[in-house]
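Trainee: Before we look at the interfaces, I would like to understand how each label is earned. Could we take the terms one at a time and set the values against them?

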Amino acid sequence: MTLLRLRDVDTYYGEIHILQKISLEVGEGELVCLLGGNASGKSTTLKTILGLVTPRAGAVEIDGEDVSRRKTSYRIAKGLAIVPENRRLFAPMTVHENLEMGAYLRKGASSEALERVFDLFPVLKDRRRQLAGTLSGGEQQMVAMGRALMSEPKLLLMDEPSMGLAPILVERNFEIIQQVHQSGVAVLVVEQNANVSLSIADRGYVLQTGRIVLADSAKALLANEDLRKAYLGR
Amino acid sequence: MHLPLAFNAELFIQLLVNGITLGSLYALIALGYSMVYGILKLLNFAHGDVYMIGAFTGYGVLTLLGGPLSPSIAIAPLIVLMFLAAMVAAGLLGVVIERFAYRPLRESPRIAPLISALGVSFFLQNSALLLFGAQFRSYDSFVLGSKNPEFFEPGPLTDALFVVKNVNVQLIQVIVLSTTVALMVALTALIAKTAIGKAMRATSYDREAAAMMGIDTDRVIATTFFIGSVLAGAAGVMFGLLFSQVFHFMGFLAGLKGFTAAVVGGIGSIPGAMLGGLLVGLAESMAGGYLGGRWSDLTVFGILILVLLVRPSGLLGTRAIHKV
Amino acid sequence: MATGEDKPRVGVDDWVASVQDRREQRSGLAGLARRVDDVVPAWARLALFAVVAASLPLWMDRGDLFAYGIFTLVYVLLGLGLNVVVGYAGLLDLGYVALFGFGAYSYALLSSEHYGIHWPSAVSIPLVVVATALLGLLLGLPSRRLLGDYLAIVTLFFGQAFVVFVNAANPTVRGKGLTGGPNGIADIDPNDLFGYELTTRRQQYWFILAIVLLVLVGLHFLSESRTGRAWRALREDPLAAEAMSMPVNRLKLKAFALGAGIAGLTGCVFAAVLTAVTSGNFALPILITIYAIVVLGGIGSLTGVVVGAIVINVSFQFLAPENPQNNARILFYLVIVLLLMLSMRPLWRLAVVLAGTVAFGLAAHVLAEAISPSWTAGAVVEGGRFAGLISDWVIIPSGHDRFANGAYIALIVAILAVTRIRGVWRTLSLVPTVYLAAVVWETSFVEQPAVARWILFGALLVFLMTVRPQGLLGTPRVEIV
Amino acid sequence: MTEQAFFELRDVSKSFGGLSVVDRLTLHVDEGEIVSLIGPNGAGKTTVFNLVTGIYRPASGEIRFRGRNVAGLPPHKITQLGIARTFQTLRLFLNMSVKENVMAAAYGHTRSTMVEAVFRLPRARREEREIAELAEEKLAFFGPRLAGYRHDQQAYNLSYANRRRLEIARAMATNPSLLLLDEPAAGMNPAETHELTELIGRLRTDGGYTVLVIEHDMHVVEGISDRVIALDHGVKIAEGSFDEVATDDRVVEAYLGRQGPG
């Protein structure tokens with residue numbers, strides 16, 4: 001069963017054509033990574049998936065339903081969740097409130113989900129009354145992850161989990177991604193750090209100037225000559 | 001010009017009472033500015049005119065129900081009805097304005113929604129002028145429910161509820177103040193405790209991130225406009241009841257002062273709006289009483305400048321730490 | 001698509017190389033205007049404007065030259081000054097119109113019967129310009145601490161204070177009210193060129209045109225200088241500008257002073273042409289008009305200011321209360337045609353709208369009559385053979401002033417709404433809209449054309465902003481994230 | 001350490017709302033050195049840059065540049081004295097052309113007035129020419145990456161990596177002697193990162209700049225640094241050569257993690 005499918009999506013930003021006929025899919029329980037340099041259109045792809053920008057042409061399907069004209073909240077309710085780039089916590093709200101926001105559309109199940117998040121990140125339990133803005137970078141990352149997991153998503157979107165982070169945090173991040181993946185959640189990692197992400201992914205896409213230029217299994221991509229030169233370096 | 005040689009306690013208390021009532025009115029207007037500014041970073045110039053429309057709606061209800069001299073229903077339900085009608089009308093107007101004048105401009109440079117807001121303000125003001133004329137429309141709340149209309153005897157609204165140092169504190173003043181306080185408390189609770197309140201805070205901090213959590217930010221913003229405009233509508237009726245008159249241009253200056261109150265108190269803070277409103281109301285009342293009417297607006301202006309220069313984030317505002 | 005050479009190399013994002021291919025061709029009038037603006041060099045545009053503008057008095061009569069020519073030029077100048085503050089430096093100055101007023105009043109005091117001082121323009125104009133620039137500097141002082149909207153509100157207060165001062169305060173100086181209160185100051189001298197008085201409309205027009213051309217050239221050079229670049233940098237990102245060695249506060253004050261100087265200069269010629277000044281000339285509506293000019297043309301663009309001033313002033317004069325009602329009629333036909341064009345495709349929509357409008361009208365008429373016969377008792381203004389038919393269709397109450405006013409406002413709201421919705425909803429809402437237009441027309445327009453005009457103007461501002469926030473010649477600001 | 005270092009911080013502290021971000025920090029950079037500042041997120045690295053460039057005013061301590069205490073001076077003054085920076089979050093003048101971005105930064109060392117500009121007087125014309133040449137020269141430093149045909153493009157058209165390069169070019173146009181680079185490799189792919197490593201080297205050899213750089217990419221840090229300084233919670237936890245710092249226990253624990261560099 002395909003959880004998420006983009007079909008020939010064209011997205012514009014103002015007058016500029018950003019995404020050109022993007023097609024990709026993520027199956028249930030899969031770990032897929034979307035590789036590309038910054039400004040290759042990765043963030044725009046994510047925004048298109050979430051409905052923060054509307055494509056001019058093509059379709060976004062979640063769980064087999066065409067949601068291209070649906071609001072973001074509708075798509076989230078269908079089982080998406082995202083850990084945005086640079087975390088984007090609500091700094092003046094408490095850790096607890098931040099987590100609550102993650103479960104905004106699932107008020108009933110939130111106490112159970114809360115326990116699960118606290119099991120995953122015990123340190124957050126002690127800090128639940130603290131304002132999110134006062135946490136250390138590592139703790140903030142945990143809140144961002146926990147917030148996304150609060151809605152018990154079927155598909156977790158990770159936007160640049162290694163961007164601008166200390167090596168130790170990158171490492172922890174990817175451990176948690178794997179952990180979440182092993183519990184049966186599908187994950188789409190949007191990254192430009194090909195090394196780490198391909199090593200844990202099932203499949204991958206490479207985005208270049210708004211187009212998908214490579215799509216293959218992670219193993220094959222790791223062996224691809226062009227990709228090695230550009231992304232694995234040295 | 002005469003200088004008050006001896007301290008006149010009666011005058012002072014009178015001005016104090018007037019200032020507090022006026023101030024709570026400004027506080028209600030300030031809240032609308034503050035909430036909208038908090039969530040959209042938009043200076044909603046049309047807000048003062050929403051308040052004006054609220055005042056006219058109250059006037060309309062009053063006229064439809066027989067007018068002040070011979071109301072067809074009892075005074076208490078009449079006033080409640082006036083408030084309700086004005087609040088609903090203003091609230092809906094706020095939502096419509098947001099939908100058509102501001103929402104299309106979310107991603108535009110800052111100046112575009114500002115110009116759009118000026119356009120809306122201009123439109124509303126002149127519409128009221130065209131429909132109701134340039135003359136003042138009288139609420140005649142002074143005689144509302146008067147026992148003997150033929151002799152224009154004061155009605156119950158101006159009855160003294162209690163007396164301080166020979167100064168009568170009128171029923172209407174107490175109504176205005178207590179309504180304001182009640183609305184403030186309700187609003188504070190709404191924002192601190194309820195899901196929509198938290199969604200509002202999240203949206204005002206980071207709209208896109210809030211959307212990513214599944215919050216329907218369009219709806220949250222519309223709700224914010226609705227609540228802010230409802231408060232302005234209530235303030236409009238209060239103004240009519242307090243000063244017995246409404247006119248098409250009343251929104252402009254009241255809007256400016258409301259915004260001043262919001263800024264002085266600290267944009268985004270509810271107690272700040274209350275404090276700022278009181279400060280502006282008191283300043284206006286005191287300056288008017290001791291220095292003469294023409295100085296009152298300039299005094300308000302002076303306070304604004306002073307506060308902004310000393311504490312740019314307002315009295316109760318939190319200083320934003322700019323991430324660089 | 002991705003064939004051979006076109007296939008991008010992995011790891012190389014070639015946005016810049018491909019950006020022209022990715023930019024859509026803009027269509028419509030605005031797109032054409034942009035392309036012309038891109039292609040035609042600045043000096044050619046200036047020359048074209050100068051030649052056309054200079055020839056105006058040769059074929060225009062005096063009244064039109066005053067209304068269309070001189071007023072447009074005054075608006076151009078005002079727009080150019082505001083453009084320095086708002087367009088270049090990105091500072092929201094809502095007290096700008098007070099500076100214009102200060103200039104006009106100052107000139108009036110220095111060259112009129114009011115105090116019997118008749119200094120020649122060569123003395124009074126430079127003096128006034130410098131004084132206004134200094135006042136602008138003063139007004140700009142809060143910009144050191146205040147950002148964006150805070151600055152806007154403080155300057156707006158300043159504008160209000162000016163009107164209050166001129167109208168109400170009117171302090172007595174040398175036995176006479178300084179500003180003349182609500183009556184203003186009359187009998188102002190015309191401008192003179194070293195003693196030669198410019199008394200005819202033609203002379204005045206050419207004089208102002210010369211000033212406009214000089215200011216345009218000067219501002220063009222300035223915008224391509226270190227100061228102009230620094231202003232734009234400051235508008236983009238004040239913090240980065242400061243970190244890149246630009247003294248942000250001083251630059252803000254410079255923009256304020258220069259803008260104020262131009263406003264003061266405009267005040268001088270304006271007062272001289274009008275020969276009288278009153279505070280009403282410097283109130284909120286004028287401020288909004290100047291903003292509309294700058295924003296319509298496209299913020300920061302000199303050509304845009306000129307185009308904006310022409311469009312706004314010409315349409316203003318066209319709709320002026322003095323003009324015959326015919327203009328209003330043309331406007332209404334235009335609106336109806338435009339609305340119908342919006343729904344032309346596919347053709348069945350047009351049919352639906354027309355049929356719907358007829359049905360809607362009949363139903364409304366019956367309903368209104370049922371509620372109260374007086375609602376339909378009014379007479380149709382014109383209509384000839386169709387008068388009977390029309391009066392069975394539209395609602396015309398007897399004594400319909402208030403009703404017509406309401407319908408007019410409702411019509412404008414409905415038109416605004418129609419432009420914002422799509423698809424079936426648009427078709428549906430067109431029905432009452434077209435009907436309203438008919439009602440407004442048949443109830444013979446509104447009583448107060450001046451007010452009605454301002455209402456339309458407010459709505460147009462909203463419309464313009466929501467449809468084209470960057471203005472006619474402005475470039476949309478894009479960020480690729 | 002010499003008596004008067006080229007650039008040094010002495011006991012500099014800064015806190016926000018009671019939260020200490022930089023705590024009695026002392027460090028120095030000698031002329032011609034390339035020094036890297038590393039540390040976990042929120043360690044106060046960017047705050048150090050903001051303190052040095054005058055965006056924040058230190059609560060206590062001295063920031064000395066060529067013997068002069070610059071703490072408390074406004075940012076443009078500090079830049080005019082010869083310290084220029086780039087921003088982690090990229091703060092280009094997006095709606096100005098590439099060349100204009102660089103030309104704008106020449107403001108601090110040009111002098112022609114508004115009047116001279118309006119009337120195109122000789123000094124204004126000469127300076128305009130010089131600024132244009134300066135901009136081309138600085139952009140040429142980046143070779144084909146910011147080559148001629150891109151000069152008239154609006155900055156928002158640039159790719160992320162090119163925006164980072166343009167920020168460096170813009171900083172160079174202020175004629176600094178000390179360059180502060182805030183995560184110049186962030187958002188670059190390995191090939192581009194490799195190129196950047198060389199470029200930073202050339203900044204010293206060809207450009208004659210002294211460089212203080214914040215960077216997370218350990219390959220870059222290893223490739224460029226004469227010296228590395230590690231911060232955590234606003235405190236210096238290690239200083240020395242790359243190998244010394246990278247193997248320091250506290251650095252490994254707080255920052256690098258058990259896998260170590262890479």
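Mentor: Let us begin with the salt bridge, which is a side-chain nitrogen of Lys or Arg within 4 Å of a carboxyl oxygen of Asp or Glu. Please keep in mind throughout that this is a predicted model.

Trainee: What makes the pair Arg229(C) and Glu128(D) a salt bridge?

Mentor: The side chains of Arg229(C) and Glu128(D) meet at 2.9 Å, N to O, and because the rule asks for a nitrogen of Lys or Arg within 4 Å of a carboxyl oxygen of Asp or Glu, the pair qualifies as a salt bridge. Across the interface of chain D and chain C the rule finds three salt bridges.

Trainee: How many salt bridges does the rule count between chain C and chain B?

Mentor: Between chain C and chain B the count of salt bridges is zero, and the count of residue pairs in polar contact, with both residues at pLDDT 80 or more, is zero as well.

Trainee: Which helices of chain C supply at least two residues each to the side that touches chain B?

Mentor: They are helix 7 (148-169), helix 12 (284-297), helix 17 (401-420) and helix 19 (449-467) of chain C, and helix 7 gives the most to that side, with eleven residues. By class, the side of chain C that touches chain B has 36 nonpolar, six polar and six charged residues.

Trainee: Why are chain C and chain B said to be in contact, and how many residues does each contribute?

Mentor: Contact means heavy atoms within 4.5 Å, and the contact takes 48 residues from chain C and 44 residues from chain B. The two chains bury about 4300 Å² between them, 82% of it on carbon and sulfur atoms; in chain C, Asp149(C), Tyr150(C) and Phe157(C) lose the most area to chain B, together 17% of what that side buries.

Trainee: What area do chain D and chain C bury between them?

Mentor: Chain D and chain C bury about 3800 Å² between them, 60% of it on carbon and sulfur atoms, and on the side of chain D the residues that lose the most area to chain C are Tyr107(D), Met114(D) and Tyr156(D), together 21% of what that side buries.

Trainee: How many residue pairs in polar contact does the rule find across the interface of chain D and chain C?

Mentor: The rule finds 13 such pairs, both residues of each being at pLDDT 80 or more.

Notes: Residues numbered from 1 in each chain as written. Chains lettered and ligands numbered in written order. Predicted model: local features only at pLDDT ≥ 70, side-chain atom pairs only at ≥ 80, totals over all residues. Heavy atoms only, no water. Buried area = accessible area lost by both parts, 1.4 Å probe. Polar contact = N/O pair within 3.5 Å; in protein donor to acceptor, adjacent residues only side chain to side chain. Helix = DSSP H or I, 4+ residues; strand = E, 2+ residues; numbered from the N terminus. Nonpolar A, V, L, I, M, F, W, Y, C, P; charged D, E, K, R; others polar.
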